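Here is a set of short exercises to work through with the structure open beside you. Try each task before reading the solution.

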Amino acid sequence: MADIIIEDKVNTNVGIEKIPDSLPAQYNEHERELTTLNLGPTHPATHGIFQNILQMDGERIVSGVPTIGYIHRAFEKIAERRPFYQITPLTDRMNYCSSPINNMGWWMTVEKLLGVKTPKRADYIRVIVMELARIADHLICNSILGVDSGAFTGFLYVFQEREKIYEIYEELSGARLTTNMGRIGGMERDLSPVAIHKLREWIAGFPKVMKEFEALFTRNRIFVDRIKDVGPITAEKALNYGFTGPNLRAAGVDYDVRVMNPYSSYEDFDFEIPVGTTGDTYDRFMVRNEEIWQSFRIVQQALENLPEGPYHADAPEYFLPPKQAVYKNMEALIYHFKIIMGEIEAPVGEVYHSVEGGNGELGFYLISDGGRTPYRLHFRRPCFIYYQAYPEMVVGTQLSDAILILSSMNVIAGELDA
Amino acid sequence: MAEQGLTNQHVLDNITAKFGESIFNVEEPYGLLTVTTTRDQIIPLLTHLYNDADLKMNFLTTMCGIHYPDNKEQELGVIYHVHSLVHNVRLRIKIFFPIDNPIVPTATNLYAAANWMERETFDFYGIQFEGHPNLIRILNVEDMTYHPMRKHYPLEDGTREDKVDTFFGR
């Protein structure tokens, strides 16, 4: 990781551009008529329920006002009434393209608060699951970008890989999309022989498909012409807007939570942080593509070096016991009951923990007043933070470019609204 | 790798040297330096953190409101998390103020990211950010008359009798 990149990009004060109340003067002078176009809330190309009210001069976008909140479900409020185990399903439904990352981030936050230390094997399994989730998330984002530019085949190619990743989740947790994976102190289940077999099979087959996908897109003249220099954002602006994740790295800043604040044994793995230069749609696409390869490397390393040992911490008062033990063992039954009824009392404290989500730094800020539920839980949702830069990125481009910028930013409505 | 050597103590010394008495309640829960300041000092403090050549804390990670109904004259609060990407040090800043006078200066002149974060805080807690360019609700419907994250709006319908909390261990 090169250290110069961040150094010379910071401390440049960039002002904020406000949403214009009236149109720029030249439009009024010539009495040109502008079209108001509602892009969304339920437009197939917005990939989610949010609206952009665009002022159009022909094909050209003059201004844009984003409206969000259509699927706001008040997760932060609901979490104030729920014991820790019941908050996991809420996190699943934020970035639903990579829900295991949200789950793990949440468990790590709770573990930090409760002072539970996870064993190495649990960490490695978590790393495998999180990197698989990142791959699935990036595959969908990149292939949908292809679909939005009119190329459908690549999407079909990589969708089957996501399907295989979901089968591995299924083996681990019984669920595919909203995985509800993990427990306080480790994993619910160990990596079963079947899961390892599926993982190895996937590792053997994935590079071929990924190379085919790259062959379809990265040097495709039509595709590159459509996304090159579209919606660029400078590093200074991106930092000022609070960008993280691939969107920030595409602008040339190598900030990655996995390296800056390693969690879950990420310091054991050897991987690189891909960075772009201009922060345009092409760079975002390429950074995600390269990240898929890096995540693939991490999965391989984690599986090769998977430590022996327990897959959960020895913390019976927090770790939900296995179901078979609940049927036979009195203590397990008691702990099961106490955990399910939410009778664990958390220590007083406040903790901020962040993980590198599919879109960037996914943070959990948890304040506990010693009760059974969080006093306050705030999610730092990367989508919410960087979507506000969208109007600035689309002004001056054409409508079809706006669609591509939107899909290259990977805005997930569930995470945007929470 | 980020530069090492900037510790919480350095950050604290730096800001107390400039702001002195207005930095109080210094804590370090789980390693993250947490300070409380006053409403008047929040923007000067954030600006200092932004521009200071030693700290370079110019990344606003997140910002949220909080409500403590029992703290008289200090019911509402705003919590900022700032991050120095160069030194990889985070700082949490809190301000508290009475619920009758929930006016806070905006940070949008410093961070573009603060725009929506402040709108969200306003939406949930009714905190007015003075100088914000477009302070309207963001996640909830516009004709809502209250600010739902305040503690006096319970999540469940208080008139329901079929669901008694004591049965659910709460």
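**Exercise 1. A glutamine and its partners**

Task: Find which residues Gln301(A) is in contact with, leaving aside its neighbours within four places in sequence.

Solution. Keep in mind that you're looking at a predicted model. Start with the contacts: once the neighbours within four places in sequence are set aside, Gln301(A) touches Phe269(A) and Asp270(A). Next, look at the polar atoms. A polar atom of the Gln301(A) side chain sits 2.7 Å from the backbone oxygen of Asp270(A), which is inside the 3.5 Å limit for a polar contact. Now place the residue: Gln301(A) belongs to helix 13 of chain A, residues 281-304. Last, check the accessibility. With a relative accessible area of 16%, Gln301(A) is buried, because the cut-off is under 20%.

**Exercise 2. Counting disulfides**

Task: Work out how many disulfides the structure holds over all chains, and explain why Cys97(A) has no bond to Cys141(A).

Solution. The count is zero over all chains. Take Cys97(A) to begin with: its closest cysteine sulfur is that of Cys141(A), and at 8.6 Å that is too far for a bond. The cut-off you need here is 2.5 Å between the sulfurs. Then move to Cys383(A), which is in no disulfide either; its nearest cysteine sulfur belongs to Cys97(A), 9.3 Å away. As for accessibility, Cys97(A) is buried at 14%, and Cys383(A) is buried at 0%.

**Exercise 3. A hairpin in chain A**

Task: Describe how strand 5 and strand 6 of chain A are joined, and say which residues cover each face of strand 6.

Solution. Begin with the pairing. Strand 5 (residues 361-369) and strand 6 of chain A run antiparallel, with five bridges between them. One pair to pick out is Gly363(A), which stands opposite Arg380(A) of strand 6. Between the two strands of the hairpin there are six residues, and Gly370(A) has a positive phi near 90 degrees.

Now turn to strand 6 itself, residues 376-380 of chain A: five of its five residues are buried. In a regular strand, side chains alternate between the two faces of the sheet. Sorting by side, you get Arg376(A), His378(A) and Arg380(A) on one, with Leu377(A) and Phe379(A) on the other, all buried.

**Exercise 4. Two open sheets**

Task: Give the strand order of the three-stranded sheet in chain A and of the five-stranded sheet in chain B.

Solution. Chain A goes first. Its open sheet of three strands has the order 1-2-3, with antiparallel pairing. Strand 1 (35-39) and strand 3 (60-67) of chain A each have a single partner strand, so one side of each has no neighbour in the sheet. Neighbouring strands here are turned by 25 degrees against each other on average, direction ignored. Strand 2 (residues 51-57) and strand 3 of chain A pair over seven bridges, and Met56(A) has Ile61(A) of strand 3 as its bridge partner.

Over in chain B, the open sheet of five strands has the order 1-2-5-4-3, and its pairing is mixed. The edges are strand 1 (24-27) and strand 3 of chain B, each pairing on one side only. From one strand to the next, the twist averages 15 degrees. Strand 1 of chain B runs antiparallel to strand 2 (residues 33-37), joined by two bridges; Glu27(B) has Thr34(B) in strand 2 as its bridge partner. Finally, helix 3 of chain B (residues 114-125) lies across strand 3 and strand 4, at about 5 degrees to strand 3.

**Exercise 5. Positive phi outside glycine**

Task: Locate Asn180(A), Glu73(B) and Asn410(A), and give the phi of each.

Solution. Most residues other than glycine have a negative phi. Asn180(A) has a phi near 50 degrees and lies in the loop between helix 7 (153-173) and helix 8 (193-217) of chain A. At 36% relative accessible area, Asn180(A) is partly exposed. Glu73(B) has a phi near 65 degrees, in the loop between strand 3 (59-67) and strand 4 (76-84) of chain B. Asn410(A), with phi near 60 degrees, follows helix 18 of chain A. That helix, residues 399-409, is mostly covered, with nine of its eleven residues buried, including Ile403(A), Leu404(A) and Met409(A).

Conventions: Residues are numbered from 1 along each chain as its sequence is written. Chains are lettered from A and ligands numbered from 1 in the order in which they are written. This is a predicted model: local features need pLDDT of at least 70, side-chain atom pairs count only at pLDDT 80 or more; totals for chains, interfaces and linings use all residues. Side-chain values use heavy atoms; hydrogens and water are left out. Buried means under 20% relative accessible area, exposed over 50%, partly exposed in between (1.4 Å probe, protein chains only). Helices (H or I, at least four residues) and strands (E, at least two) are DSSP runs, numbered from the N terminus. Two strands pair if DSSP finds at least two bridges between them. Axes are lines fitted to C-alpha atoms, for helices over the stretch in contact, and angles run from 0 to 180 degrees between N-to-C directions. Contact means heavy atoms within 4.5 Å. A polar contact is a pair of N or O atoms within 3.5 Å; within protein, one must be able to donate a hydrogen and the other to accept it, and residues adjacent in sequence count only if both atoms are side-chain atoms.
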